[in-house]
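Biologist: Could you walk me through this model before I head back to the bench? I would love to hear about a residue, a pocket and a core.

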Amino acid sequence: GKMSVRASYGVYFESLISGQGGILQAPISAPPYLQARQVQGLFLSAFGIPGPTFADPFLGGSDPFPPGNFPVPLTHLTVENNIRPPYIQNWNLSLQRQFADNYLVEVRYVGTKGTRLPRFIEGNPAVYIPGQSKPENIDQRRIYAGCKQNGPCDFASVGLISGSTNSTYHGMQTTVSRKFSQGLFFSGSYTLSKSLDYVSSINESGSAPRNVAGENDLPQNPFNWSAEHGPSLFDARHRFVMSASWELPFLRNTRGLAGLLFGNWQLNGIANFSSGTPFTVYESRDVAQQGSAPEITNFSANRPNLVGDPNQGPRTVEQWFAINAFQRLDPVANAGQFGNAGRNVVRGPGSQVLDLSVLKNFKIQESKQIQFRFECFNFANHPNFFLPENDIGSANFGRILQAGPPRLLQFALKFLF
């Protein structure tokens, strides 16, 4: 009666919604399906001043919606034909064993696979033609440009939502816990895991600042999506978390001033240690001459060449990884080429945080107490560095410029009733 084995499997489908926050919201709100025009002076009629009417909604101005009045070349969002809902498969196997009366040990294997996950791709990529291509004619070289002779082209960048990607997660999770007894409780967990995907985020709101980890919603090479396969942005291989609470036994039942001041204190702690997550080194110059996609990210997805192991770097603030493991491509000599550096091939700094607190309740009446708390965040004052600069063209390439908060102390009084 002190051991149990559990296993489960499930399939979960996700709907493709078009409402606020849905992945289809942006495509149905973009040209040619929608154009927005603001009608000026609607508030004037409230003050007796003639404003727009149904007979003259534009106050004598020209109709902003004449047939074919779309700016060309058109940059817009759309959805691939016959897109199907994504789904997730989850499975796990666990073994639990109780020891004595208070201790429980559990070992689990957890697996997850995502299928038909949505992502952005460039639906109208440019084809590089040696001897003819240059940055100025990117839109003319797009496969669905629809260029007229001596006239504008129909389409520029087309952001296409495609249900063409997948993800996998495999993890070994172990937990040792002690239920609260005799004033002591603790729970410690260790996870060894690996998460792989082709993209870890999807930007639904249009152009945005570059992700700090170098994540780009677009594949570097629009003709080779498989080259994006790599660790997820959140792939921390090792993670240890422990929480504990201890009612200190000292002077617990002592009366008088000593018991009032030093008795019945409680010590709490949370420890969180994690190995580093990956990031992508990118090239801010558009060497491949694919142009930008303002409807998605508005920055290039180019990457440099990988010529060594970047994770053999010095691991210092001034140079976290081996910057000479990357080689820049020349915009002229290497025009039209894609770098061979993979997505998320460099590991960032890990994280080590220990938070402690002590508290004591002072009884005022039978049902009323005042609680004094002293809390210390990042007790060891350990520097938890952010990701280093990952733009190969930056003067700070490889340097760490930011870190998490230092040790913080906090005092509080709470009235409990």
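Modeller: Happily; the questions below take those topics in turn, and please keep in mind that this is a predicted model.

Biologist: Is T280 buried or exposed?

Modeller: T280 sits in the loop between β10 (278-279) and β11 (305-306). Its relative accessible area is 3%. Buried means under 20%, so T280 counts as buried.

Biologist: Which residue has its backbone nitrogen 2.8 Å from a polar atom of the T280 side chain?

Modeller: Leaving aside neighbours within four places in sequence, T280 is in contact with A213, G214, R303, G342, R343, N344 and N390. One of these offers its backbone nitrogen at 2.8 Å from a polar atom of the T280 side chain, and that residue is N344.

Biologist: Which strand gives the most to the lining of the largest pocket?

Modeller: The largest pocket has a volume of about 260 Å³. Of its 17 lining residues, the closest to its centre are L117, S167, D197, V199 and S200. At least two lining residues come from each of β4 (103-122), β5 (155-181) and β6 (184-197). The strand that gives the most, with 4 residues, is β5.

Biologist: How many of the residues lining that pocket are charged?

Modeller: The lining of the largest pocket includes 8 nonpolar and 8 polar residues. The charged count is 1.

Biologist: How many residues does the largest nonpolar core have?

Modeller: Those with the most contacts inside this core are F279, V281, F321, F326, V346, I392 and F397. Beyond four places in sequence, I392 touches residues including V281, F326 and F397. Apart from this core lies another, of 6 residues, among them L77 and F120. The residue count of the largest nonpolar core is 14.

Definitions and conventions. Residues are numbered from 1 along each chain as its sequence is written. This is a predicted model: local features need pLDDT of at least 70, side-chain atom pairs count only at pLDDT 80 or more; totals for chains, interfaces and linings use all residues. Side-chain values use heavy atoms; hydrogens and water are left out. Buried means under 20% relative accessible area, exposed over 50%, partly exposed in between (1.4 Å probe, protein chains only). A polar contact is a pair of N or O atoms within 3.5 Å; within protein, one must be able to donate a hydrogen and the other to accept it, and residues adjacent in sequence count only if both atoms are side-chain atoms. Contact means heavy atoms within 4.5 Å. On a 1 Å grid over the protein atoms alone, a cavity is a set of points where a 1.4 Å probe fits but cannot get out, and a pocket is an open set with protein on both sides within 12 Å along at least five of seven lines; lining residues have an atom within 4 Å of a point. Grid points are joined across faces, edges and corners, and a volume is the space filled by probe spheres set on the points. Ala, Val, Leu, Ile, Met, Phe, Trp, Tyr, Cys and Pro count as nonpolar, Asp, Glu, Lys and Arg as charged, and the others, Gly among them, as polar. A nonpolar core is a set of buried Ala, Val, Leu, Ile, Met, Phe, Trp, Tyr and Cys residues joined through side-chain atoms within 4.5 Å.
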